[in-house]
Amino acid sequence: MSGPGLTLGRGLIDTDGGRHRDAVLAAPDGRLELALAEAVRVTPGPVRVPPAVRHRVLAACLERVGDYEEPDAALVAALSRGDADLVALAVREALLGPTLALVVRCANPVCAELCDVDLELADLLPDTREPEPEWFVAEAEGVGRVVLRPVTGADDEALEGVPGSPATRTGALMAAVVRAVDVGGDAVPLPDPDAWWALPAPLRTAALVALGRRPLAPTTALQVGCPACRAVNEVRFDPIVLLGRELQAGAGRLLLETHCLAFHYGWSEDAVLDLPRDRRWTYLALLRAQLTGQPLETAVGHG
Ligand SMILES: [Zn+2]
């Protein structure tokens, strides 16, 4: 059984320039829930999931991307950051539903109230009916232009091995994503990270703005008004961290549910974990009705 499908903004681009944007998720069963909860070890406080782990996790979530069946971590690394977040949110919706409830502490130190933020995942998604351009052109008037592509997971993974200051890392990233620079002459590639910093400042700014705004990506930073003091709080979330955190919170319950179904029906752990969450819950509702003498019909058809 497959999971739901989604359309990626950029998708995978093969060596012939063909696009692969139609993705199909793996079945959202208990096995995937457990695998994700274990893969994304999330602790309280700020969390960073290393790119290699992200790619392994997302590969487990994908059954197909275009012509690529069961993509591995290396293939997933070729997805843009925006597409990777899109997959993570689609998995989140398939496993846990379309509404996201975040709890945010107000940043105003005098207030520091907790407020609930309810989000519909659908409202966060970009319009991917039209494919993202393969290359973006960033222009600084009277200075020149830069042709560049969005940042991929592979870029992030390569950056892990780059020591040094944020400036060195920015140079390395830009040397990877810039295809050509044209400053009043021929379009040439960036030979090395230092060449990025040698570009005129307005051109660097234009390129960074394009990189921040042009790629199709879900909204993961929001402004939320505090209901207590009316301060505006910036809320940022990482879809993979969020998914890991939510699934870990439910991992204990998943074991309990598996135990109940295995015990009463005599099914193996494997058989129970093969069930998608809604099916598992329907059986649990049936079991509860049976054990408490309620009509079984009350247990089905209520989602
Ligand atoms: Zn407040």
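What geometry do the four donor atoms give the site of the zinc ion? In this predicted model, the site is tetrahedral, with angles of 103 to 112° among the four donors. For comparison, the ideal angle for four tetrahedral donors is 109.5 degrees. The donors themselves are sulfur atoms labelled SG, and they belong to C106, C111, C226 and C229. They sit at 2.3 to 2.4 Å from the zinc ion.

Along the sequence, these donor residues follow the spacing C-x4-C-x114-C-x2-C. The zinc site therefore ties together distant parts of the chain: C106 and C229 are 123 residues apart. C106 belongs to the loop between β5 (99-105) and β6 (114-120), while C229 belongs to the loop between β11 (221-225) and β12 (232-236). Are these two cysteines buried or exposed? C106 has a relative accessible area of 4%, so it counts as buried, the cut-off being under 20%. C229, at 28% relative accessibility, counts as partly exposed.

Now for the chain as a whole. It has 303 residues, and 44% of them count as buried. Its secondary structure comes to 12 helices and 12 strands, and the C-alpha trace spans about 80 × 55 × 35 Å along its principal axes. Take the contacts between residues with a separation of 6 or more: 60% of them come from residues 24 or more positions apart.

The chain is split into three parts: domain 1 (2-129 + 217-244), domain 2 (136-213) and domain 3 (251-299). Between the centres of domain 1 and domain 2, taken over C-alpha atoms, there are 26 Å. Where these two domains meet, 11 residues of domain 1 are in contact with 10 residues of domain 2.

Next come the sheets. One is an open sheet of four strands in the order β1-β2-β3-β4, paired in the antiparallel sense. Its edges are β1 (2-13) and β4 (68-69); each has a single partner strand, so one side of each is left without a neighbour in the sheet. Further in, β2 (residues 19-26) and β3 (residues 62-65) are antiparallel and share three bridges. In one of these strand contacts, L25 has L62 of β3 as its bridge partner. Helix α2 (residues 51-61) packs on this sheet and touches β2 and β3, with its direction at about 85° to that of β3. Helix α4 (residues 81-96) lies across β1, β2 and β3, and runs at about 170° to β1.

Another open sheet of four strands has the order β7-β8-β9-β10, again with antiparallel pairing. Here β7 (136-140) and β10 (187-188) stand at the edges, and because each has a single partner strand, one side of each lacks a neighbour in the sheet. How many bridges join β7 to β8? There are five, and β8 (residues 144-148) runs antiparallel to β7. V137, for instance, has V147 in β8 as its bridge partner. As for the helices, α7 (residues 166-177) lies across β8 and β9 (178-182), running at about 90° to β9. Helix α9 (residues 201-213) also packs on the sheet, where it touches β7, β8 and β9. The direction of α9 makes about 145° with that of β7.

Notes: Residues numbered from 1 in each chain as written. Predicted model: local features only at pLDDT ≥ 70, side-chain atom pairs only at ≥ 80, totals over all residues. Heavy atoms only, no water. Donors = N, O, S within 2.8 Å, 3.2 Å for Na, K, Ca; no water. Tetrahedral: all angles 85-135°; square planar, octahedral: opposite > 155°, others 65-115°. Helix = DSSP H or I, 4+ residues; strand = E, 2+ residues; numbered from the N terminus. Buried < 20%, exposed > 50% of the residue type's maximum accessible area, 1.4 Å probe, protein only. Pairing = 2+ DSSP bridges. Contact = heavy atoms within 4.5 Å. Axes fitted to C-alpha atoms, helices over the stretch in contact; angles between N-to-C directions. Domains from an automatic or database assignment.
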